[in-house]
Each structure stands twice: as C-alpha cells, then as structure tokens.
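This briefing covers two ligand sites, one helix and two loop residues. The sequence and structure come first, and the notes follow.

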Amino acid sequence: MRVFITSGRTITQGRELYRKDTPAYSRETSRCFIHPFDLLEIGAEEGDSLLLSTVAGEEVFSATPSEDLVPGTIFIPCGPHANAILHADTHGTGAPDYKWLEGTLARADMPPRSGWEVLGEQGGASCPQVPEPGGDESGSTTFRDVVCPLCGCLCDDLVVQVRGGIVTSVDNACALGSEKFLSRSRLCTPIARNGEAWTSIGFFEAIRYAAEVLADAERPLLFGWSGTSSEAQCIGIRIAEEIRGVIDNCSSICHGPSIMGIQEVGHPGCSLGVVKNRADVVIYWGSNPIESHPRHLSRYTTYVNGRYRDNGHQDRTLVVVDIRKTDTAKIADEFLQITPGGDYAVFSSLRAIVSGHADVLPQTIAGIPRERLIWLADLCKNAQFGALFTGIGLTQSPGRYKNVRSAIEFVAELNRHTKFTLTPMRGHWNVNGTNQTFTYLTGFPYGADFSRGTPYYNPGETTVVDLLGRGEVDACLIIGADPGAHLPRRCNEHLATIPTIVIDPFVSLSTAFADVHIPVACVGIDCEGTGYRMDSIPIRLRRVLDSDLPTDEEVLSQILHLIREGARSCATEHAISRDAGEMMPRALL
Ligand SMILES: Nc1nc2c(c(=O)[nH]1)N[C@H]1C(S)=C(S)[C@@H](COP(=O)(O)OP(=O)(O)OC[C@H]3O[C@@H](n4cnc5c(=O)[nH]c(N)nc54)[C@H](O)[C@@H]3O)O[C@H]1N2
Ligand SMILES: Nc1nc2c(c(=O)[nH]1)N[C@H]1C(S)=C(S)[C@@H](COP(=O)(O)OP(=O)(O)OC[C@H]3O[C@@H](n4cnc5c(=O)[nH]c(N)nc54)[C@H](O)[C@@H]3O)O[C@H]1N2
Ligand code: SF4
Ligand SMILES: [Mo]
C-alpha cells in the first residue's frame with residue numbers, strides 16, 4: 001500500500017530525549033500512527049509490526065491507530081527509526097524532507113529494532129551502561145526562578161529541589177523540562193572507542209585528541225551548538241576560523257528556512273510579553289505547541305491574562321492550521337486542516353483576500369474551502385492585535401522558505417489594516433542564540449564556511465545534511481546536538497567513517513559514532529550560561545548542582561588553545577593512548 005510519511009514531536013518522545021539509551025525511547029520512536037481504515041485495509045491491528053519502505057531504506061514500526069490523521073498518511077515520532085528511511089536531499093535549503101516522504105506499507109513479522117540496533121547497521125556502536133549517580137544524603141536545597149534549558153520558551157519560573165547532589169523534584173516545568181533535570185543518563189569521564197569496545201580516558205587526552213583531529217582535518221565540521229551557551233558558541237566560531245572549517249547549527253535542519261524567508265522580506269516580530277498583553281487573535285501554523293512547547297499557551301498566549309486581556313482565553317481566538325488534528329488543534333476555537341505542502345497556496349490566497357481579490361480564488365485551496373479562508377482573513381483583519389506562530393510544518397515541507405516568506409507577506413498585508421506579528425516557534429532553548437552569535441561574529445546565521453579564510457554561507461551547500469550527505473567532511477565535532485537520533489541515515493553512515501568527537505553531558509545516540517565522547521557540565525543545571533528565547537530575549541541560565549565536570553566553554557577554550565599552540569601531531573598516524581589519564585586540573589582548563 002502506498003503511503004505519505006511525515007514525522008514530528010510527541011510528548012513521550014520529548015520526555016525521553018535525555019534517556020535515548022533506554023528501551024522506552026526506542027519504543028516511542030519506533031511507533032507509527034496510522035488511520036484505522038488503513039490498518040483494516042492491510043489486515044493489521046494495534047501493536048502489529050509494519051514495514052515502511054522508501055527510496056532510502058526500510059524499517060519496522062509498531063502500529064498505533066489514530067483518527068487524527070487523514071487515511072493514507074503515516075506519522076512517526078522523530079528519532080532514529082524515522083531517519084533510517086529518510087534520504088539526505090535538502091533541495092538546496094539545508095533542511096531534509098522530515099515532513100514529506102513517500103513510501104510503501106506492508107505487514108512484517110519481526111518486532112521493531114532498538115535505536116542502538118538501527119545505528120549499529122549504520123556503522124555505530126552502542127554506548128556502555130552509565131553508572132547511576134549516587135549522592136551523599138546531605139540536606140536538601142530549593143532553588144527558585146530557575147530557567148528551563150529545554151525548549152525555546154525558556155520558562156524562568158521553575159522551582160528545583162536538590163538533595164544529595166541530584167535533582168529530586170522540579171515544580172512548574174512541563175514534562176519535557178522536568179525530565180531533563182531528572183535524567184541520570186550522564187557520563188562522568190571521557191570514553192574512547194576501540195572497535196566495538198569503549199575505554200575511559202582522561203580529560204586532557206580527550207581534549208588533545210579533539211584538537212589534533214580538528215587541526216589535521218582538511219574539511220572539518222563543527223555541528224550543533226543549540227544545546228549549549230552563547231559563550232561556548234562564540235569560542236566554537238573562533239575554532240572554526242582557526243582551522244578554516246565549517247560551523248553549522250541546528251537551524252539549518254529546523255527553522256533555517258524561516259531565516260531565509262526573513263532575509264528576503266524582513267521580520268515583523270515582537271516579544272512574547274507583547275503577545276501576552278495584547279493579542280486577541282493567536283494562530284499556530286504547522287506547529288503543535290501542546291507537544292513541542294507545552295507551556296507556550298499558558299505562559300505567553302491563549303491561557304494567560306494580559307494587561308489588555310483580563311479574561312485569558314475568553315478574550316482571545318485560537319486558530320490552528322495543520323495537516324493532522326493535533327492536540328493543539330483539539331483545543332483550538334477553529335482548526336483548518338490543510339493538505340500537506342499546501343501552505344504556500346493558502347498564504348497566497350489569504351493575501352489575495354485581504355487585498356480585495358477573493359473573487360479570483362477557486363472553491364477549495366489545499367483542502368480548505370474558500371469561505372473558511374475568507375472567514376480567517378476577516379478574523380485577522382479585524383483583530384486588535386494578532387500573533388502568528390509558525391512551526392517546522394512550514395520549513396520542512398515543500399515550499400520551505402517560500403512558505404515562510406509568503407506568511408510574512410500575508411502579515412505585512414494585514415499590517416495595512418491592524419497590528420499583526422509573526423514569530424517562528426524556535427525549538428531548542430538556545431537555537432536562537434546560535435543565530436545571534438553566528439551572525440554577530442561571522443555575518444551569517446548558520447552554515448558558515450571558513451575554508452576561504454573569510455566566512456562563506458550557502459544553505460544547501462555549507463549545511464550539515466548536505467556536507468555529510470555528500471561525504472565531504474573528514475572530521476566532525478558534535479556539541480549540543482544529536483545527529484545519531486536526528487539526521488538522515490546517509491549522514492550517520494558518513495559520520496561512522498570519519499573521526500568524530502562528541503561533547504555532551506548525556507549519553508546521546510551520536511555517542512554511537514564517536515571516537516571520543518567528552519562529558520561536560522550541563523548548562524542550566526551544572527553551570528550558568530546565556531540563552532536566547534524564541535523572541536530573541538537573552539536570559540541568563542542558573543546552576544543548581546555542583547559538578548566537577550568541565551564546562552563546554554572550558555573544553556572548547558582548551559581545544560582552541562591547543563590548536564593555536566600548533567598541536568598538529570599526526571592523530572591519524574598514532575592512535576591515542578587509551579590509558580586512563582589524569583583528569584585535567586580545573587585551573588589548567
Ligand atoms: N516533545 C518534544 N518537544 C520538542 C522537541 C522534541 O524533540 N520533542 N524538539 C524541539 C525542536 S528542535 C523544535 S524545532 C520544535 C518543533 O516544534 P513543532 O514546530 O511543533 O514541530 P513538529 O511536531 O515536528 O511539527 C509541527 C506540525 O507540523 C505539521 N505539519 C507537517 N507537514 C505540514 C504541512 O505541510 N503544512 C502544515 N501546515 N503543517 C504540517 C505536523 O503535523 C506537526 O503537527 O519542538 C521543540 N520541542
Ligand atoms: N524524523 C525527524 N527528524 C528530525 C526532525 C523531525 O521533525 N523529524 N526535526 C529536526 C529538528 S527541527 C531538529 S532541531 C533536530 C533535533 O536536534 P538535536 O540537536 O539532535 O536535538 P536533541 O536530541 O535535543 O540534541 C541536543 C543535544 O544537546 C545535548 N545537551 C544538552 N545540554 C547540553 C549542554 O549543556 N552542553 C552540551 N554540550 N550539550 C548539551 C543533549 O544531551 C543532546 O544530545 O532533529 C531534526 N530531526
Ligand atoms: S515549555 Fe519549554 S522551557 Fe517551558 S518548562 Fe516546558 S520544556 Fe521547559
Ligand atoms: Mo528544531
């Protein structure tokens with residue numbers, strides 16, 4: 001049976017983000033949501049194994065019936081299973097077809113594989129079990145006004161309880177944020193891979209190896225940065241400049257196309273505080289905040305009272321546009337179900353309506369009746385203050401940056417009549433920070449290539465999926481991202497063949513491809529750092545735990561220092577010593 005395959009966030013997938021080494025994570029990322037009619041057609045039931053095949057490969061999933069989908073459509077929670085069947089073509093934009101794949105569906109006999117098994121086939125090796133951190137039983141401390149280092153909402157009202165060196169409870173956070181604070185999947189010493197086995201090594205050795213590998217590479221790539229502080233990002237950019245490498249961040253696969261749209265037609269943005277105080281019309285388009293930014297509605301939009309909105313959601317109209325009836329769609333005042341990839345046509349139609357040309361439109365546009373669009377255009381035009389929030393349903397589907405460009409042009413048209421703004425629903429807590437620091441230091445928001453000595457930027461060429469997909473990179477540093485879980489298989493297959501260094505406080509699926517994994521203090525939990533909220537407001541993250549681990553800033557500074565010292569020994573000629581070396585004294589780092 002032929003099917004259309006799309007992928008995205010679920011609450012369970014988000015809760016397990018910091019436990020990707022557990023069976024619970026693999027169980028969630030190997031589910032596929034499917035309409036009951038489709039299950040009936042192939043004679044399968046809930047929990048049965050289904051084989052999805054595409055041009056890139058095949059993978060087994062477990063069936064979960066869902067009437068939120070249109071028949072013929074499959075939804076997969078994002079992770080290693082979805083990406084095992086995804087090709088690495090970005091159509092010159094940097095963002096792969098996460099939301100738009102065609103394939104076939106059949107029944108299967110074998111159960112779904114674990115994440116490690118999927119990556120094993122791509123050349124990875126599963127990480128050793130990490131010890132449970134045990135703390136002393138010293139008294140408990142309560143930290144208030146703690147900032148959550150998970151999503152672009154950067155909620156700053158958490159209350160965190162610490163006892164015996166571990167976080168024991170988190171109040172006010174959503175399920176995603178709490179689980180990050182509570183996760184125990186942490187490494188405490190660097191590990192180096194030796195075939196299928198892992199050895200603990202010292203920090204100094206690990207850092208020296210990283211410096212040597214990067215200095216020796218012809219086409220090194222430094223990727224990630226959304227999960228770390230802006231201070232660390234700035235040091236990363238200096239390393240890239242020093243080694244004439246490419247530095248890219250998660251934007252390229254995420255809201256990079258939003259930035260491309262903004263580069264063409266500008267950004268009618270505002271702070272979230274303005275939305276909270278003024279907005280009477282709120283639209284989420286290709287975005288499902290109930291599962292991706294769970295407190296967005298209660299802190300900034302629909303459910304919160306504002307200075308000019310005394311009665312929270314009674315004063316506001318909530319509209320959702322999506323291809324599925326998501327949990328956000330279910331609580332909306334109006335839900336418009338659009339056919340996949342239909343956004344450009346719908347924004348163009350809305351612009352036509354607002355500028356007085358409704359008569360030229362056909363009866364239905366991308367599955368939405370013309371009358372409904374006339375209603376939506378009127379609602380927006382008559383708003384006192386409107387806020388349009390755009391998700392990656394727009395940037396990872398056909399049209400990409402043109403969808404966002406068209407959305408901005410619609411908002412510009414509305415601003416002839418009223419006040420309307422547009423804000424991309426930025427994903428990671430500091431992905432916006434990457435765009436701030438990258439633009440400030442290189443002139444470009446992501447994908448900055450220093451091979452010519454001066455920065456060069458071309459999405460689709462100097463972006464992570466394209467560089468790895470083409471097999472162009474000969475060494476990679478991964479920090480604050482997890483390609484093992486989140487990039488198309490072809491990219492990981494290439495990572496498996498080159499020296500790869502992972503800097504991450506947690507065990508990640510990218511550990512599977514690491515020659516060396518350097519654990520660090522986690523920003524917002526073990527150390528401070530600056531992050532930029534989705535509306536570009538910088539917020540200082542706090543520290544709640546004492547940690548002996550070096551910070552990202554310290555490890556990167558040391559790598560930069562060694563590179564500048566000319567630490568060009570032949571990393572390729574002699575393998576690094578596997579003896580557990582001394583941990584680097586803090587003062588030296
Ligand atoms: N639980 C959880 N939360 C997260 C993350 C996580 O991994 N897990 N990651 C964070 C990150 S990195 C990001 S970028 C954000 C993303 O947050 P969202 O933007 O909410 O991400 P998705 O759920 O991937 O996609 C949003 C919606 O796009 C819809 N969609 C698919 N195709 C189309 C289309 O053609 N048109 C339209 N209009 N809609 C379409 C999907 O049905 C989906 O509901 O979430 C952040 N929060
Ligand atoms: N199939 C499918 N795949 C997708 C998507 C999809 O919709 N469908 N969405 C895509 C999108 S939008 C994105 S942004 C990517 C997700 O992008 P990724 O960046 O891969 O997302 P995470 O798994 O959250 O990775 C963040 C990493 O940062 C680490 N980290 C946390 N705190 C710190 C810290 O203080 N320091 C350091 N050094 N590291 C830290 C975490 O342990 C984790 O390994 O996935 C993409 N992949
Ligand atoms: S909404 Fe985002 S920032 Fe706020 S608590 Fe949840 S994960 Fe953390
Ligand atoms: Mo993202």
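In this predicted model, a backbone N or O atom of aspartate 482 lies 2.7 Å from an oxygen atom of ligand 2. The protein buries 97% of the 920 Å² that ligand 2 exposes when taken alone. Ligand 2 lies between domain 1 (2-121) and domain 2 (186-251 + 430-438 + 447-569), because both domains give residues to the shell around it.

**Ligand 2: contacts and shell**

- The shell around ligand 2 holds 33 residues, and the closest are Lys20, Asp482, Asp504, Val523 and Asp552.
- Aspartate 552 places an N or O atom of its side chain 2.7 Å from a nitrogen atom of ligand 2.
- Lysine 99 also takes part, with a polar side-chain atom 3.0 Å from an oxygen atom of ligand 2.
- Sorted by class, the residues around ligand 2 are 18 nonpolar, 8 polar and 7 charged.

**Ligand 1: contacts and shell**

- Around ligand 1 there are 32 residues, of which Gln13, Asn288, Ser292, Asp322 and Asp343 come nearest.
- The side chain of aspartate 343 has an N or O atom 2.8 Å from a nitrogen atom of ligand 1.
- Two backbone contacts can be added: an N or O atom of the glycine 341 backbone is 2.9 Å from an oxygen atom of ligand 1, and one of the threonine 10 backbone is 3.0 Å from a nitrogen atom of ligand 1.
- On its own ligand 1 has 920 Å² of accessible area, and the protein covers 98% of that.
- Elements giving two or more residues to the shell around ligand 1 are β1 (2-8), α1 (11-15), α11 (289-292), β15 (317-322) and α16 (392-395).
- The class counts for the shell around ligand 1 are 9 nonpolar, 17 polar and 6 charged residues.
- Domain 1 (2-121) and domain 3 (256-424) each supply at least three residues to the shell around ligand 1.

**Helix α14**

- Helix α14 runs over residues 343-354, a total of 12 residues.
- From its first C-alpha to its last, α14 reaches 16 Å, close to the 16 Å expected at 1.5 Å a residue.
- Asp343, one of the residues that come nearest to ligand 1, is among the buried residues of α14.
- The other buried residues of α14 are Val346, Phe347, Ser349, Leu350, Ala352, Ile353 and Val354.
- Glycine 356, just after α14, takes a positive phi of about 85 degrees.

**Two buried loop residues**

- Threonine 90 sits in the loop between α4 (80-84) and β6 (101-107).
- With a relative accessible area of 1%, threonine 90 counts as buried, because the cut-off is under 20%.
- The side chains of threonine 90 and aspartate 466 make a polar contact at 2.7 Å.
- Valine 507 belongs to the loop between β24 (500-503) and β25 (516-518).
- Valine 507 has a relative accessible area of 4% and is therefore also buried by the under 20% cut-off.
- Along the chain, valine 507 and serine 185 are 322 residues apart, while their C-alpha atoms are separated by 5.8 Å.

Conventions: Residues are numbered from 1 along each chain as its sequence is written. Chains are lettered from A and ligands numbered from 1 in the order in which they are written. This is a predicted model: local features need pLDDT of at least 70, side-chain atom pairs count only at pLDDT 80 or more; totals for chains, interfaces and linings use all residues. Side-chain values use heavy atoms; hydrogens and water are left out. A residue is near a molecule or strand if one of its heavy atoms lies within 4 Å of it. A polar contact is a pair of N or O atoms within 3.5 Å; within protein, one must be able to donate a hydrogen and the other to accept it, and residues adjacent in sequence count only if both atoms are side-chain atoms. Accessible areas come from the Shrake-Rupley method with a 1.4 Å probe; for residues, only the protein chains shown count as cover. Ala, Val, Leu, Ile, Met, Phe, Trp, Tyr, Cys and Pro count as nonpolar, Asp, Glu, Lys and Arg as charged, and the others, Gly among them, as polar. Domain bounds come from an automatic or database domain assignment. Helices (H or I, at least four residues) and strands (E, at least two) are DSSP runs, numbered from the N terminus. The expected span of a helix is 1.5 Å times one less than its number of residues. Buried means under 20% relative accessible area, exposed over 50%, partly exposed in between (1.4 Å probe, protein chains only).
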